[in-house]
Protein chains: 4
Amino acid sequence: MGVLGARGKVGAEVCRAVAAADGVELVAEVDQGDPIGALVDSRAEVVVDFTHPDVVMDNLAFCIEHGIHAVVGTTGFDEVRLSALRDQLTSAPAVGVLIAPNFSIGAIVMMRFAAQAARFYESVEVVELHHPDKADAPSGTARRTAELIAAARREAGMSPPPDATSTGLEGARGADVDGIRVHSLRIRGLVAHQEVILGGVGETLTIRHDSMDRASFTPGVLTGVRQVAARPGLTVGLEHFLDLD
Amino acid sequence: MGVLGARGKVGAEVCRAVAAADGVELVAEVDQGDPIGALVDSRAEVVVDFTHPDVVMDNLAFCIEHGIHAVVGTTGFDEVRLSALRDQLTSAPAVGVLIAPNFSIGAIVMMRFAAQAARFYESVEVVELHHPDKADAPSGTARRTAELIAAARREAGMSPPPDATSTGLEGARGADVDGIRVHSLRIRGLVAHQEVILGGVGETLTIRHDSMDRASFTPGVLTGVRQVAARPGLTVGLEHFLDLD
Amino acid sequence: MGVLGARGKVGAEVCRAVAAADGVELVAEVDQGDPIGALVDSRAEVVVDFTHPDVVMDNLAFCIEHGIHAVVGTTGFDEVRLSALRDQLTSAPAVGVLIAPNFSIGAIVMMRFAAQAARFYESVEVVELHHPDKADAPSGTARRTAELIAAARREAGMSPPPDATSTGLEGARGADVDGIRVHSLRIRGLVAHQEVILGGVGETLTIRHDSMDRASFTPGVLTGVRQVAARPGLTVGLEHFLDLD
Amino acid sequence: MGVLGARGKVGAEVCRAVAAADGVELVAEVDQGDPIGALVDSRAEVVVDFTHPDVVMDNLAFCIEHGIHAVVGTTGFDEVRLSALRDQLTSAPAVGVLIAPNFSIGAIVMMRFAAQAARFYESVEVVELHHPDKADAPSGTARRTAELIAAARREAGMSPPPDATSTGLEGARGADVDGIRVHSLRIRGLVAHQEVILGGVGETLTIRHDSMDRASFTPGVLTGVRQVAARPGLTVGLEHFLDLD
């Protein structure tokens, strides 16, 4: 397999993980200024792309044209771009392309479990905890988790979670994301953590994900690399490769 | 609906929960010495049985014969008894019988999630925490959770969790259940709690269930009562009514 | 010992706890309409008062006059009342009176530890979790904890905790109590829980108190009862009986 | 200040931390083969020693002779060595020497709090969680914590924690350290974590320390460096510099 963006921070981490993994071999490391043709010369069957929104569409056009499967962490995909990719893939029906905004298996599993459990519990809130240098609150993952929970509750015809708060301080009850309360903590020493607490009469269920190291996204990339050839066409979201249903 | 064993500790809790619930009506409370025919006279459509292994088979024979669906928490079902029930149900194809060793939705969901997540994580251990008057360690739920995790790992072809322990004190690493480590804490003030911790490079996923009150099993009983009529035949395990797959 | 307010919810709990405890004997249960003289007749040496702000000052005047030590959980003490009590105690120098707004040893220890640890950690936030029928957010204990932490940080000359949040949703970062962030969760199934998370480079320290049962205040009352005779004069706050310094 | 063992893994981390800290200046980095006289030439007032048991006594003799205060993380101090140091310090009454087996402020504070809270709670157990490459179970810190808790309970005249376990699997209840149960988890993705859970009727108190990064010991070293000059004589244990009493 090959890596596009191999000298970037994320790409370099991917190269390290591939080198250490069983059953995959790194045959091409390509970055800005390198000829993309190296992918073909080295007979890469799968490529991982962590590059830039400006170049990723050209990269993918090249891969699809040459029958190379792609696992893509580069951002900036909107419906227009996805639709263009689907068009290109019709002429290469054997090629698989995975576009994923998040390669952390733990984060994906947490979101999936939270959404699945949502309909069994009257109450649910989300707490996310990060280092204090983070600019946004809540985190993107926490927002997305709350949206998925809210959708699951709507589908099950549930009322809003109970809350008798009538007096207090502004902000105490957190942010409101689609009717679900989300709390953001910023603490030195932490990396990236999230907890979903669900509760009903006499019991609670807590799902917690702790990410202690940036390298925690690499198992997700490897899962993508190992499966993308067997999943032709366009897939958006690593969750579809995890067989969680 | 009716309750068999209505004056027992668990049965009484079920009666209270039914009285407080929407969409179900308690029409018969039957216990030792009461005529079981009250179920028919009161036109109960569903019966909940928390009685005794000595009488439950007779109770169920009566229910099946009279077209009454049954949700059963009484213990003591082995393959012989289950097979006898299946036979009886062939002559009453519209009747549903649910036999469940555990009605805690939280415990069931935790076990299911732990088994689903097991194949994504190199390491996994189970910690269960109970009040210090409990006689067995580990708890039945913890053992069952470890067995389900071990089965999921086997199916995924995984090696045993890594463990470099070469020196230490006996018991420090917990009990071994099918190769999965299980730790039992006994602390005054606690009720019934369990945590499954899964870990891979740079991240962990924790699934925790806290049961603070014995009443926490009643939502599971109500779920059974509401669905059993729509699920004819014999079902073993409430998980099959939760649509977790 | 005797109990004033013995038939109230809290007083009744105290009576039960005293009956089960070693080394203390319940000799008088007094409530509205009962003659307070029963305390003298029964030779009570210590009295516990969980009554009402309207009657507690008269109760204490009676106790001090008759040389009976008092442990008081009744609310409504301001500086005027405390000062009046101090005056009365000058003429009964052997009598001890403990006024405590909070008898939960766990809550008191948590607040004390949080304040002690505050100066070692750059970051600190408070999370409190309660059942959804609670009217105020944050809880009184959480506010008090944050105030004590803020005071300890001021005394140590510390800057505010770091926080780079520049974009996000209103309320995500919780309420601001003296510069300390406090988050309130309301979840069915929970009782009363609080967590203080402190963090510095590469590490965090978490102090958590879980109160699962209202009876958790009784050990604090018994601690008061056992020690009040040895602590003459007025004491405000059970923490002074716990020798935490 | 100067660092002895400056090119070792720990010493290098200390050098980095000193460079980034306010109010301390790194004037000498000394390692094997370098002349120790550099400490005098550079006018170091305080030295940090993370070297080896074979050389540390000579290093300290040199420091004491030249009036340099010392903060020592090197291991191998027994009563004979400590006694020799005390002798040497009598002739240099202004010099302070701190010998500490553990510089993690979080670990020290956790142990202190656990010992302080022990006498208020009927039950207590210790759980430590580390990466799976660790050789010993339980960890040294967990053993030490359990010993301190056991000593505090003995001093308070308490009975052993209640435990009705009569059936189960070997190891489930953990290791026994002075009558206190200790559980060791080994999970990929974790670094070094410990939890002390104390419980009484209706409530629990949990003290948890999470160390996510080896650098977490440096604030403790800096605390030692800043205070050692004001604490002449020999001090064993950083806790004596933290004013926790």
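**Group meeting: a residue, two sheets and a hairpin**

I'll start with one residue. Leaving aside neighbours within four places in sequence, Asn59(B) is in contact with Leu4(B), Ile36(B), Asp49(B) and Thr51(B). Before I go on: this is a predicted model.

Where does Asn59(B) sit? Its place is in helix H3 of chain B, which covers residues 53-65. Is Asn59(B) buried or exposed? The relative accessible area of Asn59(B) is 10%, and the cut-off for buried is under 20%, so Asn59(B) counts as buried.

Staying in chain B, I'll move to strand E11. This strand takes in residues 192-200, and 8 of its 9 residues are buried, so the word for it is mostly covered. E11(B) has pairings with E6(B) and with E12(B). With strand E6, residues 123-130 of chain B, there are 8 bridges, and the two run antiparallel. In that pairing His130(B) stands opposite Ala192(B). With strand E12, residues 203-211, there are 9 bridges, again in the antiparallel sense. Here Glu195(B) stands opposite Arg208(B). As general background, strands of a sheet pair through backbone hydrogen bonds, either parallel or antiparallel.

What do E11(B) and E12(B) form together? They make a hairpin, with 2 residues between the strands. Gly202(B) is in the turn, and its phi is positive, about 75°.

Now chain A, beginning with the overall numbers. Chain A contains 7 helices and 13 strands. Its C-alpha trace spans about 65 × 40 × 30 Å along the principal axes. Of the 245 residues in chain A, 56% are buried. Of the contacts with a separation of 6 or more, 70% are between residues 24 or more positions apart. The exposed area of chain A is about 10,000 Å², and 49% of that comes from carbon and sulfur atoms. On charge, chain A carries 21 positive and 33 negative side chains. The centres of those two sets lie 4 Å apart.

Next, the sheet in chain A. How are its strands ordered? The order is E2-E1-E3-E4-E5-E13, which is 6 strands in an open sheet with parallel pairing. Strand E2 (28-30) and strand E13 (233-236) each have a single partner strand, so they stand at the edges, and one side of each is left without a neighbour in the sheet. On average, neighbouring strands of this sheet are turned by 15° against each other, direction ignored. One of the pairings is between E5(A), residues 96-99, and E13(A): 4 bridges, running parallel. Gly96(A) in that pairing stands opposite Gly233(A).

Chain D comes last. In chain D, 6 strands form an open sheet in the order E2-E1-E3-E4-E5-E13, with parallel pairing. At its edges are strand E2 (28-30) and strand E13 (233-236) of chain D, each pairing on one side only. The average turn between neighbouring strands of this sheet is 15°, direction ignored.

The pairing to look at here is E3(D) with E4(D). Strand E3, residues 46-49, and strand E4, residues 69-72, run parallel and are joined by 4 bridges. Val47(D) stands opposite Ala70(D) in E4(D).

Which helix of chain D lies across E5 and E13? That is helix H4, residues 79-90. H4(D) runs at about 150° to E13(D), and E13(D) is one of the edge strands I named a moment ago.

That is the end of my part.

Technical notes: Residues numbered from 1 in each chain as written. Chains lettered and ligands numbered in written order. Predicted model: local features only at pLDDT ≥ 70, side-chain atom pairs only at ≥ 80, totals over all residues. Heavy atoms only, no water. Buried < 20%, exposed > 50% of the residue type's maximum accessible area, 1.4 Å probe, protein only. Contact = heavy atoms within 4.5 Å. Areas by Shrake-Rupley, 256 points an atom, 1.4 Å probe, with all protein chains shown as cover. Lys, Arg positive; Asp, Glu negative; His and termini not counted. Charge placed at Lys NZ, Arg CZ, Asp CG, Glu CD. Pairing = 2+ DSSP bridges. Axes fitted to C-alpha atoms, helices over the stretch in contact; angles between N-to-C directions.
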